[in-house]
Amino acid sequence: MYTELHAHSNFSFLDGASPIRDLVQRAASCRMKALAITDHDGLYNACTFTRLAQEAGIKPIIGAELTFEGERHLTFLVENEKGYMNLSGLITRGHLAGSKGKPVLSEAELKGHTEGLICLSGCARSDITRLLRRGEKHAAYEAAKRYAEFFGKGNFYIELHNHLLPEDKSLCRQLIEIAQAAGLETVASNNVHYATRDGSALHDVLTCIRNGVTLDRSAPFRK
């Protein structure tokens with residue numbers, strides 16, 4: 001049974017088009033047994049999400065997508081109470097280190113703060129995917145090994161997306177090769193930003209606002 005492990009609510013400000021209730025209802029309609037919410041750099045929805053998910057008979061997985069130096073993203077999932085404490089601490093450190101509305105972490109902050117956390121390698125803005133897109137496969141492999149050392153092989157997974165973009169199949173194949181070479185497991189996710197297809201129009205508008213472009217010039221940002 002598929003479980004979505006990378007989903008954004010409207011508390012991923014200007015990047016999530018659906019309230020948490022809609023995402024939970026959609027997961028329930030798809031008969032998912034669990035759901036992770038991974039809003040950008042915050043746990044604003046954690047309490048409401050937990051309550052609504054439990055009411056719907058769905059296991060809530062608390063998480064967040066954190067921003068690191070160079071606008072690099074990693075996806076974090078809470079495994080236990082210690083993990084929640086560590087993720088909360090990392091989020092706080094990111095907000096204190098960055099400017100208003102633009103939190104940022106250094107990789108050094110991960111040391112000593114990974115217990116109880118599962119990490120997925122992230123979306124198109126992740127370190128590993130960016131390196132692969134530049135043709136730097138060995139550097140992508142080294143990055144995967146580095147993150148595996150931070151979290152331990154059993155707690156770091158290579159994340160795969162297929163949004164039917166021209167490069168997705170090639171990227172997935174290369175990411176699987178990286179995982180196999182590094183002795184890591186893979187996880188498929190959809191990097192969800194709205195609960196149903198109808199939400200795509202609103203997400204396009206939010207994307208335009210976030211990037212300061214008009215709809216007719218937004219194609220490069222809607223990937």
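Colleague: How should the radius of gyration of the chain be read against that of a compact globule?

Modeller: The radius of gyration is taken over C-alpha atoms, and the globule rule is 2.2 Å times the number of residues to the power 0.38. For 223 residues a compact globule would have a radius near 17 Å, and the chain agrees because its own value is 17 Å. The C-alpha trace spans about 45 × 40 × 40 Å along its principal axes. This is a predicted model, in which local features need pLDDT of at least 70 and side-chain atom pairs count only at pLDDT 80 or more, while totals for chains, interfaces and linings use all residues. Residues are numbered from 1 along each chain as its sequence is written, and side-chain values use heavy atoms, with hydrogens and water left out.

Colleague: What share of the residues in the chain is buried?

Modeller: Buried means under 20% relative accessible area, with a 1.4 Å probe and protein chains only. Buried residues make up 48% of the 223.

Colleague: Which residues cover the two faces of strand β4?

Modeller: In a regular strand the side chains alternate between the two faces of the sheet. Strands are DSSP runs (E, at least two residues), numbered from the N terminus. In β4 (residues 117-120), Leu 117 and Cys 119 lie on one side, Ile 118 and Leu 120 on the other, and all are buried.

Colleague: With which strands does β4 pair?

Modeller: Two strands pair if DSSP finds at least two bridges between them. Strand β3 (residues 72-78) is antiparallel to β4 over four bridges, with Phe 76 opposite Cys 119. Strand β5 (residues 156-160) runs parallel to β4, joined by two bridges; there Tyr 157 is the bridge partner of Leu 120.

Technical notes
Buried means under 20% relative accessible area, exposed over 50%, partly exposed in between (1.4 Å probe, protein chains only).
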